[in-house]
Amino acid sequence: MQINTKRVFSLLVAVVLAMSLLAGCAGGGQSSSPAQSPEPEAQSSPQSSVEGEEPSQTDAENPNEMPPDLLPTDKIAVRVGALKGPTGMGLVGLMDKNAKGAALSDYTFTLEGAPDVVQGPLINGDLDIAILPTNLAAVLYNKTKGAVQLMAVSGMRVLYVMAAPGVEIASVADLAGKTLFTAGQGSTQEYVLDYLLRQNGLDPAADVKIEYKAEQAETMAQLLAGSCDAALLPQPFVTNAAVKNPEVKRALDVTAEWEKATGGSQLPMSCVVVRKEFAQEHPEAVAAFLQEYDESTQWVGEHVEEAAVLIGEYEIVPEAVAKLAIPDSAIQCQTGPEAEAAVNAYLKVLLDQNPQSVGGALPDEGFFYKAQ
């Protein structure tokens, strides 16, 4: 019998390829903690991949770096809501990774300009995870009887008082008699502002003319138009305002003023929350999000120029603004006892000032999500 050598050779090649793929899949099933995982550089920049380039062995061993065609196809759908600011900026690495099919879950992202637009879908079950003002997370926990839990702190030093051209503000007391615009009525910005004014001997209702706008962008626009003496703004709107008009100056670092007024307490402005029902049904998806969000925030902080490109492409803020704002935005994903202590101390200050700012009472221990 004559042996067809070409056919035998083809069969041997096919067997070797099949064994290689099986070995690769076996190695890719291992997951690692956020601290041990390399950052998602290959998925986080439009310039990071080259058409036709073979993945390196290191990439193939890491499920976060594997090409989309080698990732699991039965991903869990996760709907994430955030705000157009530092929270959205910190997500762009994961957003880009997801768009390329390389994320661990099948994410849908919604970025809004105001917290109240996000909280409704979260309560109704149309969002699974959201990044919101920390005091609003407490309000929602109390309002829903524990249906929304806090998983991580995502923003600390992001809030500033900006002075209009020609207006001198060197201290909180200098806001007396001034017109100040801000957004976020009923959320962190209002309660932080009221607390700082009272701690500096000012009555928010009588000594300062405060006007609340629907969104941060509107507040910035009014400041640039000369409609107010000062504006309370978060990053990246702080940088955006200064870029548009260099005569608009940072007058007060609100985090520094908070630390002075409270004797050193931190100011956890925003946090990551999850619907308890979703977390119970899909703990693996929650763990994957925290890992990938942590990697995304680290990547944004360490790869400013690449991240700024993505922030511009996702229309959060212009690329040039993002490049300047990222180093000053304290983008992070902080979990564990330190984050819990910062949140509890912050909410206690707000409770003493206005119980409604945290939903009438401090949340109990069930407020903090614990991995199953």
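Start by selecting Pro 236, which sits in the loop between strand S8 (230–234) and helix H8 (237–244). This is a predicted model. Look at the bond leading into this residue: the peptide link from Gln 235 to Pro 236 is cis, with omega near 5 degrees.

**Two loop residues with positive phi**

Next, select Lys 145, found in the loop between helix H5 (134–143) and strand S4 (148–155). Lys 145 is not a glycine, yet its phi is positive, at about 55 degrees. Is the residue buried or exposed? With a relative accessible area of 80%, Lys 145 is exposed, because the cut-off for that class is over 50%.

Move on to Ala 330, in the loop between helix H13 (319–325) and strand S11 (331–334). Ala 330 also has a positive phi without being a glycine, here about 50 degrees. Its relative accessible area is 27%, so Ala 330 counts as partly exposed.

**The open sheet**

Strand S11, which follows that loop, belongs to an open sheet of six strands. Colour the strands in the order S2-S1-S3-S10-S4-S11; the pairing is mixed. Which strands stand at the edges? They are S2 (106–112) and S11; each has a single partner strand, so one side of each lacks a neighbour in the sheet. From one strand to the next, the twist averages 30 degrees.

Within the sheet, select strand S1 (residues 77–83) together with strand S3 (residues 129–133): the two pair in the parallel sense over two bridges. To find a bridge, pick Val 80, whose partner in S3 is Ile 129. Then add H5, which packs on the sheet and touches S3, S4 and strand S10 (270–275). The direction of H5 makes about 120 degrees with that of S3.

**A helix pair**

Now show helix H3 (residues 86–99) and helix H12 (residues 304–313). Their axes lie 9 Å apart, and the packing angle is about 85 degrees. H3 and H12 are therefore roughly perpendicular to each other, since angles of 65 to 115 degrees fall in that class. Display the side chains where the helices meet: Met 89, Val 92 and Asp 96 on the H3 side, and Ala 307, Leu 310 and Ile 311 on the H12 side.

**The nonpolar cores**

Select Leu 175, Trp 258 and Phe 367, the residues with the most contacts inside the largest nonpolar core, which has 67 residues. Which helix gives the largest share of this core? It is H14 (residues 337–353), with eight residues.

Centre the view on Trp 258. Leaving aside residues up to four places away in sequence, Trp 258 touches Val 192, Tyr 195 and Leu 196, then Ser 265, Gln 266 and Leu 267, and also Tyr 346, Val 349 and Leu 350. A second core, separate from this one, has 42 residues. Among them are Met 89, Ala 152, Ala 325 and Ile 331. Met 89 was met earlier, on the H3 side of the helix pair.

**Cysteines**

Finish with Cys 228 and Cys 271. The relative accessibility of Cys 228 is 6%, so this residue counts as buried. Cys 271 is buried as well, with a relative accessible area of 0%. How many disulfides does a search of the whole structure find? The search finds zero.

Conventions. Residues numbered from 1 in each chain as written. Predicted model: local features only at pLDDT ≥ 70, side-chain atom pairs only at ≥ 80, totals over all residues. Heavy atoms only, no water. Disulfide = S-S within 2.5 Å. Buried < 20%, exposed > 50% of the residue type's maximum accessible area, 1.4 Å probe, protein only. Core = buried A, V, L, I, M, F, W, Y, C linked by side-chain atoms within 4.5 Å. Helix = DSSP H or I, 4+ residues; strand = E, 2+ residues; numbered from the N terminus. Contact = heavy atoms within 4.5 Å. Pairing = 2+ DSSP bridges. Axes fitted to C-alpha atoms, helices over the stretch in contact; angles between N-to-C directions. Parallel < 35°, antiparallel > 145°, perpendicular 65-115°, else oblique.
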